[in-house]
Amino acid sequence: MVDPEAQLPPIVDLTRPNDARVYDYLLGGAHNFAVDRDLAKQVVAAMPEVKQVALANRAFMHRVVRESVRAGVRQFLDLGSGIPGVGNVHEIAQSIDPTCRVAYVDSDPVVHAHGELILADSPNTALVNADLLDAADVLDRREVRDLLDFGQPVAVLGLLSLHFIQDHEDPDGALAVYRDAIPVGSLLALSHPAVDPAHEGNDAIDLFEQGYMVRPARRDLDRFRRMFDGFELLEPGITRLSQWRPDREGVEDVPVNGGLGIKSSTTTTGR
Ligand SMILES: C[S@@+](CC[C@H](N)C(=O)[O-])C[C@H]1O[C@@H](n2cnc3c(N)ncnc32)[C@H](O)[C@@H]1O
């Protein structure tokens, strides 16, 4: 059998590890190479919790997507999607309703190269290689406009992606543009590493700082809550991922917060 990943374009350098493929490996995915697995194993050996963080975040994604479909939302805009393999948004949403439409957005061209192959036979999906901070560009992409109807509710997802963006880059400004582009009844789901001053040295930020090249933004609970500006948080509000509408017993607690908000009025906050 011909390995479809043998067709990857030259942008995919198989001699260098790639963050998104390391993450895919941590999730148990198949879209990674020896060089990624070697790095992932080093990271896991140094801090075994990192795998639990990825898995807990993925489980949160599944719960949020199911809740969104249950709430009547059939369209998703996934900002900072990573490689769309291993039980990703369209698989979960379309397993409930095959008409669900999912636009994935990621700035990493390697994600795009893998994702195009993965999604080649997946109807009602699109993948754009774009910077989520340039919301006007994302919303104007033909693939996004052709797939999503902004007259109907959309669930915007930013799962473990906003900590890659520093405050001076104005993530709130971008979120405001997405918020203003979607109608009342739309949803916003975010997850973000927690900063817990009482457990300094033992939180997700330290994990990432030890193992990843990017320096993640540190945001406490109040700061994270402000990212939901213009949305009303649904029960149980912002919590550790393990406490957000758990659907099974014994879910491991990881230092990551998450929440789901609904746009309940057209009133914006002046941005
Ligand atoms: C840790 S992965 C999270 C993947 C997925 N959202 C999940 O929850 O499993 C973060 C992803 O965000 C992407 N990312 C970081 N900054 C971005 C930006 N400014 N625009 C678009 N994507 C970005 C990275 O390329 C990476 O694939």
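**Group meeting: a walk through a predicted model with its ligand**

Okay, let's start with one small detail: the side chains of glutamate 232 and serine 264 are joined by a polar contact of 3.1 Å. By polar contact I mean a pair of N or O atoms within 3.5 Å; within protein, one must be able to donate a hydrogen and the other to accept it, and residues adjacent in sequence count only if both atoms are side-chain atoms.

Before I go on, the small print. This is a predicted model, so local features need pLDDT of at least 70 and side-chain atom pairs count only at pLDDT 80 or more, while totals for chains, interfaces and linings use all residues. Residues are numbered from 1 along each chain as its sequence is written, and side-chain values use heavy atoms, with hydrogens and water left out.

Back to glutamate 232. You'll find it in strand β6, residues 232-233. Helices (H or I, at least four residues) and strands (E, at least two) are DSSP runs here, numbered from the N terminus. Leaving aside neighbours within four places in sequence, glutamate 232 is in contact with Leu260, Gly261, Ile262 and Ser264, where contact means heavy atoms within 4.5 Å. Is glutamate 232 buried or exposed? Neither, really: its relative accessible area is 46%, so it counts as partly exposed. The scale is buried under 20% relative accessible area, exposed over 50%, and partly exposed in between, with a 1.4 Å probe and protein chains only.

Now the whole chain. The secondary structure comes to 10 helices and 8 strands. Of the 271 residues, 53% count as buried. Looking at contacts with a separation of 6 or more, 71% of them are between residues 24 or more positions apart. The accessible surface is about 12300 Å², and 50% of that belongs to carbon and sulfur atoms. Those areas come from the Shrake-Rupley method with a 1.4 Å probe; for residues, only the protein chains shown count as cover.

On to the inside. In soluble globular proteins, nonpolar side chains tend to be buried together. Here, the largest nonpolar core has 29 residues, and Leu77 and Tyr178 have the most contacts inside it. A nonpolar core is a set of buried Ala, Val, Leu, Ile, Met, Phe, Trp, Tyr and Cys residues joined through side-chain atoms within 4.5 Å. Elements giving two or more residues to this core include β1 (75-79), β2 (101-106), α8 (171-181) and β5 (187-193). Apart from it lies another core, of 28 residues, with Ile92, Val102, Val254 and Leu260 among them. As for leucine 77, if you skip neighbours within four places in sequence, its contacts include Ala103, Val105, Val144, Leu157 and Tyr178.

Tyr178 takes us to α8. How many of the 11 residues of α8 are buried? The count is 8, so to speak a mostly covered helix. Among the buried ones are Pro171, Asp172, Tyr178 and Arg179. The buried residues of α8 pack against β1, α6, β5 and α10 (221-226).

Just ahead of that helix, look at aspartate 170, in the loop between β4 (155-159) and α8. Aspartate 170 has a positive phi of about 65° although it is not a glycine. Arginine 245 also has a positive phi, about 40°, and is not a glycine either; it lies in the loop between β7 and β8. One more backbone oddity: the peptide bond from glutamate 235 to proline 236 is cis, with omega near 5°.

Finally, the ligand. Which residues are closest to it? They are Asn57, Arg58, Gly80, Asp106 and Leu159, out of 18 that surround the ligand; a residue is near it if one of its heavy atoms lies within 4 Å. Helix α3 (residues 49-70) gives the most to this shell, with 3 residues. By class, the shell has 8 nonpolar, 6 polar and 4 charged residues. For those classes, Ala, Val, Leu, Ile, Met, Phe, Trp, Tyr, Cys and Pro count as nonpolar, Asp, Glu, Lys and Arg as charged, and the others, Gly among them, as polar.

Now some atom pairs. A polar side-chain atom of asparagine 57 lies 2.6 Å from an oxygen atom of the ligand. A side-chain N or O atom of aspartate 106 is 2.6 Å from a ligand oxygen. With leucine 159, a backbone N or O atom lies 2.8 Å from a nitrogen atom of the ligand. Taken alone the ligand exposes 600 Å², and the protein buries 89% of that.
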